[in-house]
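Me: I have a structure open and want to learn how to read its features. Can we go through them one at a time?

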Amino acid sequence: MPETTLTSLQQLKLQGEKIAMLTCYDATFADACCAAGVEMLLIGDSLGMVLQGHDSTLPVSVEDMVYHTACVKRGNKGAMIVADLPFMANATLEQTLNNSARLMKAGAHMVKVEGAAWLAESIRLLAERGIPVCAHLGLTPQAVNILGGYKVQGRGDAQARQLRADAVALEQAGVAMLLLECVPSELAAEITQAVKIPVIGIGAGSDTDGQVLVLHDMLGLSLSGRMPKFVKNFMEGQSSIQGALAAYVREVKAVSFPAAEHGFSA
Ligand code: KIV
């Protein structure tokens, strides 16, 4: 697989070719995802839930993220590695810089932060120091206690206007990529059109520049037995994990995943 870079991602957006991203936490799955053609591997703080068994992402530490980023790096074959700054790892600008540097030294090519336009200053500082940033908007699981649950964000005029404004402000601050989680499909399409940087969606419809899912979810594995509406079990109809990963990439590229039933209305 040719190496994925910011330039190649930008090219995919311009060409209208969808970007396939999955969460990944270890070397063997990194290797398998790359063999299937996954272009971006996210060491998500979702590892707190799917690997560690917590009921939220809040207990995840920077040490956990550094460890799993290093594991993924060892199995990676050309994908872009994105690592989450976990809860409170960006509480101050100094912490943001130090913790991002730790993730980059462990093997990340980009860090992801949850938030909104208030992130602008830290994004500017990171970009100036050579650290590309993906800003995670919409449903931001680290803020679950403020949001009152894992709910669709950006519904209604006021929330939609705010989300659009945040996306544009973050692009101006120098963010390299946006990730929209659980946002009405129409709004996600508008934001994707409005910015020049690639926009990845999860529960955000099929018009974003790319898709991401949590690896365990798309393999049909769930501790709770429940799956969010935006998840598809790619093991169905496949006899191997490798087959499921390849089916995911194929369907993202063909824009047959996500289907309308995986999205949310305004
Ligand atoms: O932590 C994570 O896995 C994520 C995805 C849900 C996008 O942020």
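Me: Which residue does UniProt annotate as "active site"?
Reply: In this predicted model, the "active site" label falls on Glu181. The label comes from an unreviewed UniProt entry. An annotation may be inferred rather than shown by experiment.

Me: Where does Glu181 sit, and is Glu181 buried or exposed?
Reply: Place Glu181 in strand 6, residues 177-181. Then look at accessibility. Buried means under 20%. Glu181 has 11% relative accessibility, so Glu181 counts as buried.

Me: What is Glu181 in contact with, beyond its neighbours within four places in sequence?
Reply: Its contacts are His136, Leu137, Gly138, Leu139, Pro141 and Ile202.

Me: Next, the binding site. Which residues does UniProt list for "binding site"?
Reply: The unreviewed entry lists Asp45, Ser46, Asp84 and Lys112. They span 68 residues in sequence, yet no two of their C-alpha atoms are more than 12.5 Å apart, so they gather at one spot. Asp45, Ser46, Asp84 and Lys112 also belong to the lining of the largest pocket.

Me: How many residues surround the ligand, and which are the closest?
Reply: The ligand is surrounded by 13 residues. The closest are Gly44, Asp45, Ser46, Asp84 and Lys112.

Me: How do I read the polar distances to the ligand?
Reply: Take the side chains in turn. A polar side-chain atom of Lys112 is 2.8 Å from a ligand oxygen atom. For Asp45, the distance from a polar side-chain atom to a ligand oxygen is 3.1 Å. For Asp84, that distance is 3.2 Å. Then check coverage: on its own the ligand has 260 Å² of accessible area, and the protein covers 95% of that.

Me: Where is Lys112 found, and is Lys112 buried or exposed?
Reply: Find Lys112 in strand 4, residues 110-114. Its relative accessibility is 2%, so Lys112 counts as buried. Setting aside residues up to four places away in sequence, Lys112 touches Leu42, Val82, Ala83, Asp84, Leu85, Cys134, His136 and Leu179. Asp84, in that group, is also on the "binding site" list.

Me: And where is the place of Ser46?
Reply: Ser46 is in the loop between strand 2 (40-43) and helix 3 (47-50). A loop residue can still be checked for burial. At 13% relative accessibility, Ser46 counts as buried. Outside residues up to four places away in sequence, Ser46 touches Thr23, Tyr25, Thr57 and Val214.

Me: Which side chain does Glu39 join in a polar contact?
Reply: The partner is Lys253, with a polar contact of 2.5 Å between the two side chains. Glu39 lies in the loop between helix 2 (27-36) and strand 2. Glu39 counts as buried because its relative accessibility is 10%. Leaving aside neighbours within four places in sequence, Glu39 has further contacts, including Met1, Leu12, Glu17, Ile19 and Met80.

Me: Give me a contrast. Is Lys196 buried or exposed?
Reply: Exposed means over 50%. Lys196 has 67% relative accessibility, so Lys196 counts as exposed. Its loop runs between helix 9 (185-194) and strand 7 (199-202). Beyond neighbours within four places in sequence, Lys196 is in contact with Gln10, Lys13 and Glu171.

Me: How do I read a helix such as helix 2? Which of its residues are buried?
Reply: Start with the buried side. In helix 2, the buried residues are Ala30, Ala32, Cys33, Cys34 and Ala36. The buried residues of helix 2 pack against strand 1 (19-23), strand 2, helix 4 (62-75), helix 10 (215-218) and helix 11 (241-253). Then check the ends. At the start of helix 2, a side-chain oxygen of Asp26 comes within 3.2 Å of the backbone nitrogen of Thr28. After helix 2 comes Gly37, with a positive phi near 95 degrees.

Me: What should I look for in the backbone?
Reply: Most residues other than glycine have a negative phi, and most peptide bonds are trans. Look for exceptions. Met88 is not a glycine, yet its phi is positive, about 75 degrees. Met88 lies in the loop between strand 3 (80-84) and helix 5 (93-106). Val255 also has a positive phi, near 60 degrees. Val255 is in the segment after helix 11 and, at 39% relative accessibility, counts as partly exposed.

Me: Which peptide bond is cis?
Reply: The bond from Phe257 to Pro258 is cis, with omega near 0 degrees. Pro258 lies in the segment after helix 11.

Note on methods. Residues numbered from 1 in each chain as written. Predicted model: local features only at pLDDT ≥ 70, side-chain atom pairs only at ≥ 80, totals over all residues. Heavy atoms only, no water. 1 Å grid on protein atoms, 1.4 Å probe; cavity = no way out; pocket = protein on both sides within 12 Å on 5 of 7 lines; lining within 4 Å. Helix = DSSP H or I, 4+ residues; strand = E, 2+ residues; numbered from the N terminus. Buried < 20%, exposed > 50% of the residue type's maximum accessible area, 1.4 Å probe, protein only. Contact = heavy atoms within 4.5 Å. Near = heavy atom within 4 Å. Polar contact = N/O pair within 3.5 Å; in protein donor to acceptor, adjacent residues only side chain to side chain. Areas by Shrake-Rupley, 256 points an atom, 1.4 Å probe, with all protein chains shown as cover.
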